Structure formats: structure tokens, C-alpha cells
Amino acid sequence: MAPDGNKLRQRNVAGAATTTTNEDPATTDRIATLKGLKETEICIDGTIYDIKDFDHPGGESIHMFGGNDVTIQYKMIHPYHTSKHLEKMQRVGTVPDYTSEYKFDTEFEREIKREVFKIVRRGREFGTWGWHIRAVFYVSLFFGLQYLWMTTPTTFALAIVYGVSQSLIGLNVQHDANHGAASKRPWINNMYGLGADFIGGSKWLWMEQHWTHHSFTNHWAKDSDALGAEPMILFNDYEPDHPKRTFVHRFQGLYFPLVLAGYWMSTVFNPQILDLKHQGSGEIGYDWENAYVKKSRKYAIALRMLYIYCNIVAPFRTNGGFSFEVLAQILVMGIAESLALASLFALSHNFEHADRDPTYQARKTGEPVCWFKSQVETSSTYGGLVAGALTGGLNFQVEHHLFPRMSSGWYPFIAPKVREICKKHGVRYAYYPFIWENLVSTVKYLHKAGNASNWQEGNPYSGKL
């Protein structure tokens, strides 16, 4: 869902879906702007649909995006769909000046979908039995350790193991679920998706941020993940004289683990839980003021209070009251979770020769760029099947960004074909056989992005130095 028309270039209307009535759309459609969308309306390719009474097969989470342009999200989550599927929704208007920096249905996209769908047939892209067994194991491990954390004297060893178990929920369980990839049954995705709240986050804020990140990966002005680390870390390699640069950023390759260690603290005590309006995505044009978000606030707040009680209050009660040792153990638990989660996120799109601005040519020439190509050239894959089991498929980041609604259990099987097709089309595919190689590349990139040394060799936005 691209943001406000005033802030984003969006796609020209082409082949808009036909109306579901017998009336001529030209005489019945409302002419509107993206800022004029109602909270029950969405925009896809310049056509406005009212989803108030739409029975969405994927569940009611579609209503979270009411009031916004969902063109990119719709296409990345529904790779099989054609214009015929859009006819199921009520068409109510058009955005006549609709343009975009991205284009779909390119030759590269068509071939990669055609070949991947030969491996993973339609309707089978959801969680495998292996994935569900893994999910149940990690959930059982988490709740078992949480019981010990709440009812027995805490230790630093327990703090570390319990923190890592929370990260495993974030990587292996809630991630697939909140992409709608765990199951074709919405209630299963919703249940697993609440894992985000049981580890100190929020499924609603996560979806607002993460789906924005997927839509605009490494976009210099729209990727909420990259912008969210500022001003402490500059993931974007800004021009040498950019006002966001400071002397401190010269050392970000050294201190970035310290910043990542604070991820848990910043998440658990994030005031955005009160209104469920993700600030980063809101700043680039998303409107989260709709009925679905409003009704979800009370659940989000209740779950956050439960988390704080179970993980911060209960240990003090069990250990006989406040002590600095217990406080330190709680912080160690949070740091363990933070480093296990955030460090893997940082590797995925911040490495040497990553495309830091996939729409650079679109702004330069006015010609939209292939969204599928941009997903490959802004992401990396490392390791193989074992790393996939431990990270919930996040090591197959290229494959995940191409097919975000496919369960991570399938990524090891499609990766060889994806690499083959990328090579055929001249699309840059970043693969590191071992995680430490990706980590070294990330540290090097952060160092060069911090001191602007990449600009001595060319334009680092393109990744082609």
C-alpha cells in the first residue's frame, strides 16, 4: 500500500478492474485522491474499492489497511491473482493521477513465478508439517522457560536461554503467521501471530512496519526499517555532506551491536502501543486511523501489560522484592533477545553492494523499476537448511522478499531455482555460504556508510561501485 499521493509516486492506472454492477464505471466512479480515501476504502492500481462488507478469505486483517493505497502489498501477498479477483470487491472510485516507481508483470517476474510455482503448487505454499512441528517445539520451549522465569529464582543462565527462546518465537513462529503464511486458515495465523505480543512486541505494530518495509525495501525515503534506526545508525548511505551525518557515525560499524542490544527495551516500552500507529510508516503517508486499528488497541495494551507483569514484575515478586541483581538479569534477558533478533534483521539488507535505493533510476528517467528485481538486489541469503530451521527462513531473505506469503519451510527448496533465474536475467543475487561472511560484509558496509567512503568510488545508492 503506497503512501500519500503527495509524498509518493504511484503507478499509472492500467487495466483497472471492471465494476461489479451493470452500470458504466465512468458514470458511477467517484474521482478522489489518496488522501481522500475513507477508512473502509483501499486503492489498488488507481482503483478505489470499499471493503466494509468484503468477506476476505485471509481474515479481517485486511481492514488494518483501510484508508490507504495497497497496490504493492496486494500484489506481493497475492502472486496468483489477476484482475478477475478484484471484481469480488465493490469498486467505488478512481484516482486519475495515480503513478508509481515500481512496475509488475515483467519478464523476470513472470518466469520466476512460473518456475517456483512448479516446485510449490498453489495452495501448498503454507506451513508444512515440519514447520508446524518446529513451531510447536519453540512455543513449548518458550512457555516452559517462562514458567521457570516467573516461579523460580532467576539466574543469568536462565535469563540468556529465556531471551533466546523469545527470539525463536519472533523468527520462527510469529513471522510466518503475520505474513499469512503459516496456514490458509486465518485463525491459525492470528493465534501464532500473537507470538509477537508474547515476546514484548505487537502483531499490529509489526504488520504496519514490516509490510511497509517489504513494499519499499531499502528505499532511501520509504523503508521504515532502515529509517527506524536513525539517528543512532545510518543504514542509508547518504551523500557526504548530508545533514543527517555526524562525526559519531564514523564509528557505527563498531558500536552498532550496542544499539541493537537496546531493541528489547525500545520495543517493550514503546508508547505507540497506546494508539497502534506506527510512527515510521505514518511519516511516509500511511493512515492507521480506522475502525480495525481502534478496536485492536485494547487487546494490544492488555497483552503488553501481561508481558510486563510476566517478565518484569513476576521475577521481583518471586525473588522477594526489588534487587539490582534481578534487574540485571531482566536486562540480560532483554539483551539476549535483542541481539538474537535484531542482528539477523540487520544482516538481511545491509551488506556490501546492496542496492540502497532501488528506485534511483525511476526518479532519474521516469521509468518504473521491476519490483521483483528490486527485492532480490536489496536482500541477501546465507547458509542453508540448518540456518533456515534456526532463523525461521530469514536466512533466505531473497526468497522471502520475493514470496512473503510462502512459508519459510519452502525457501530451501526454491532457492536454487531462484538463483538460476536471477543469473539468467542478470539480476544480482547476494549469497553467503556462512553467516559470519554476511556479518563481516554488514560491518564493512556500516563502516563505509558511516564515513561516506563509498562515495569516493561512485554512487552507493545503486550498489554498483
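Leaving aside its neighbours within four places in sequence, which residues is Arg-419 in contact with? Keep that in mind as you start clicking; what you have open is a predicted model.

**Stop 1: Arg-419**

Select Arg-419, which you will find in helix 21, residues 411–425. Show its surroundings and look for Thr-381, Phe-396, Tyr-429 and Tyr-431: these are its contacts once neighbours within four places in sequence are set aside. Is Arg-419 buried or exposed? The answer lies in between, because a relative accessibility of 28% makes Arg-419 partly exposed. Now add Gly-321 to the selection and draw a line between the two C-alpha atoms. Arg-419 and Gly-321 are 98 residues apart along the chain, and their C-alpha atoms are separated by 56 Å.

**Stop 2: the sheet**

Next, colour the strands of the open sheet. There are 5 of them, in the order 1-5-3-2-4, and their pairing is mixed. At the edges sit strand 1 (30–31) and strand 4 (68–69), each pairing on one side only. A word of background may help here: strands of a sheet pair through backbone hydrogen bonds, either parallel or antiparallel.

Select strand 3, residues 47–50. Strand 3 pairs with strand 5 (residues 90–94) in the antiparallel sense, over 4 bridges. To see one such bridge, pick Thr-47 and its partner in strand 5, Thr-94. Strand 3 also pairs with strand 2, again antiparallel and over 4 bridges; here Cys-43 stands opposite Ile-48 of strand 3.

Which side chains of strand 3 are buried on each face? Turn the strand edge-on: Thr-47 and Tyr-49 are buried on one side, Ile-48 and Asp-50 on the other, and both faces are covered.

Follow the chain from strand 2 into strand 3 and you pass through a hairpin with 2 residues between the strands. Asp-45, in that turn, has a positive phi of about 50°.

Before leaving the sheet, select Asp-69 in strand 4. With a relative accessibility of 1%, Asp-69 counts as buried. Thr-267 is a useful partner for a distance line: 198 residues separate Asp-69 and Thr-267 in sequence, and 27 Å in space, C-alpha to C-alpha.

**Stop 3: helix 8**

Move on to helix 8 (186–193). Select Ile-188, Asn-189, Tyr-192 and Gly-193, the buried residues of this helix. Look down the axis of helix 8: these buried residues fall within an arc of 130°, so they line one face of the helix. What covers them? Among the elements doing so are helix 5 (129–151), helix 7 (174–177), helix 9 (195–198) and helix 10.

**Stop 4: the second largest pocket**

Now switch on a surface or pocket display. The second largest pocket has a volume of about 940 Å³. Its lining runs to 45 residues; to find the centre, select His-56, Gly-58, Ile-77, His-78 and Arg-405, which lie nearest to it.

Which elements each supply at least two residues of this lining? They are strand 2 (41–44), helix 2 (71–77), helix 3 (83–86), helix 8 (186–193) and helix 10 (203–215). Helix 2 gives the largest share, 4 residues. Colour the lining by residue type and you should have 24 nonpolar, 14 polar and 7 charged residues.

**Stop 5: backbone details**

Finish with a few spots in the backbone. Most residues other than glycine have a negative phi, and most peptide bonds are trans.

- Select Glu-230 and Pro-231: the peptide bond between them is cis, with omega near 5°. Pro-231 is in the loop between helix 11 (224–228) and helix 12 (252–260).
- Select Asp-105, in the loop between strand 6 (102–103) and helix 4 (107–119). Asp-105 is not a glycine, yet its phi is positive, about 60°.
- Select His-353, in the loop between helix 16 (324–349) and helix 17 (360–365). His-353 is another non-glycine residue with a positive phi, about 70°. Because its relative accessibility is 46%, His-353 counts as partly exposed.

Methods. Residues are numbered from 1 along each chain as its sequence is written. This is a predicted model: local features need pLDDT of at least 70, side-chain atom pairs count only at pLDDT 80 or more; totals for chains, interfaces and linings use all residues. Side-chain values use heavy atoms; hydrogens and water are left out. On a 1 Å grid over the protein atoms alone, a cavity is a set of points where a 1.4 Å probe fits but cannot get out, and a pocket is an open set with protein on both sides within 12 Å along at least five of seven lines; lining residues have an atom within 4 Å of a point. Grid points are joined across faces, edges and corners, and a volume is the space filled by probe spheres set on the points. Ala, Val, Leu, Ile, Met, Phe, Trp, Tyr, Cys and Pro count as nonpolar, Asp, Glu, Lys and Arg as charged, and the others, Gly among them, as polar. Two strands pair if DSSP finds at least two bridges between them. Buried means under 20% relative accessible area, exposed over 50%, partly exposed in between (1.4 Å probe, protein chains only). The arc is that of the directions from the helix axis to the C-beta atoms. Contact means heavy atoms within 4.5 Å.
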